[in-house]
Amino acid sequence: MTRDEREALSQRICNFYINSSNNSVKTTSGRPYKISDEQLNGLVKSVNNRCVLSQRKLGRRFWVHHSTISRTLRKRTSVVIRKRRKAPKMNSKDQENRARKNCGKMYPATMLVAMFFYSTNPVTSPSNIKFQKRKIFEPKLMIWMAMSSKGVSDVYIHRSKQAVLQTTYLKECINKGLLPFIEKYHHNGNYLFWPDLASAHCSNLVKERLHEKNVPLVVRQDNPPNVPQARSIETVWALLERKVYENNWEAKNLHTSHDIHSSGYLK
């Protein structure tokens, strides 16, 4: 650029600022917003006091990239992504009202969680948005089976809120699962039963039954914890769990949930 061209450009810039000095907009350049002001109002209404929102879906709705949604909310609105707090799920409305009354002002301060919601003002956000209610003991399905180089035993599926009781483990897993499996594939006695360290598996009731049936096992004091690389059944559970949860699958209720729980391995 020559000296005359530079001086002409400088003069044009000076003239622009002089002519636009009384206008509200002071910028000289910049790309237009991909989301207009009218669309911006709709975007704010769509996300305000909402949780479990996908910015990718919002991007497809407004025909923009999801990063544009994030940048627009951050720079052009007062919408802030906030953490939800955990609250116990009450069995009845009366129970929830009593908890709120007895705790007083401490009620919302005792909740913790790591989910998120969008809001321009958290004070006015509904409680069902700010808090994620969950039961203290969530129901779950537990799966048990024994395996060896010969095959796999019958699978036992247990529905429970807590760990399996020793009586249930003895009846459903040992008597109905393990012993028939041993009788079918390992009647020659050339095996060793290696359970995990769950309390029910190491109870005296279970050990007495195994001793009665002459089942050799790895006792608790000789049973090393945290060695999945040495237990083939752990590899099986890991492969099954990876298959179940691939593509970010998530259980929505008890009918689609499970808790993989390994128990027996025969060497």
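Where is Trp-63 found? Trp-63 sits in the loop between H3 and H4. Helices (H or I, at least four residues) and strands (E, at least two) are DSSP runs, numbered from the N terminus.

This is a predicted model, in which local features need pLDDT of at least 70, side-chain atom pairs count only at pLDDT 80 or more, and totals for chains, interfaces and linings use all residues. Residues are numbered from 1 along each chain as its sequence is written, and side-chain values use heavy atoms, with hydrogens and water left out.

**The chain overall**

The chain has nine helices and twelve strands. Of its 267 residues, 32% count as buried. Buried means under 20% relative accessible area, exposed over 50%, and partly exposed in between (1.4 Å probe, protein chains only). Contact means heavy atoms within 4.5 Å. Among contacts with a separation of 6 or more, 69% come from residues 24 or more positions apart.

**Two loop residues with positive phi**

Neither residue in this table is a glycine.

| Residue | Loop | Phi | Relative accessible area |
|---|---|---|---|
| Trp-63 | between H3 and H4 | near 60° | 80%, exposed |
| Asn-214 | between H8 (204-212) and H9 (232-244) | about 55° | 62%, exposed |

**H3 against H4**

Helix H3 (residues 55-62) packs on helix H4 (residues 66-76) at an angle of about 95°, with the axes 7 Å apart. Axes are lines fitted to C-alpha atoms, for helices over the stretch in contact, and angles run from 0 to 180 degrees between N-to-C directions. H3 is therefore roughly perpendicular to H4, a label for angles of 65 to 115 degrees. Gln-55, Arg-56, Leu-58, Gly-59 and Phe-62 of H3 meet His-66, Ile-69 and Ser-70 of H4. These residues divide into three nonpolar, four polar and one charged. Here Ala, Val, Leu, Ile, Met, Phe, Trp, Tyr, Cys and Pro count as nonpolar, Asp, Glu, Lys and Arg as charged, and the others, Gly among them, as polar.

**S6 and S9**

Strand S6 (residues 140-144) is largely enclosed by the rest of the structure, because four of its five residues are buried. Five bridges join S6 to strand S9 (residues 156-160), and the two run antiparallel. Strands pair if DSSP finds at least two bridges between them. Ile-143 stands opposite Ile-157 in S9. Their C-alpha atoms are 4.6 Å apart, across 14 residues of sequence. Is Ile-157 buried or exposed? Ile-157 counts as exposed, at 54% relative accessibility. Leaving aside residues up to four places away in sequence, Ile-157 touches Leu-141, Met-142 and Ile-143.

Terms used:
Parallel < 35°, antiparallel > 145°, perpendicular 65-115°, else oblique.
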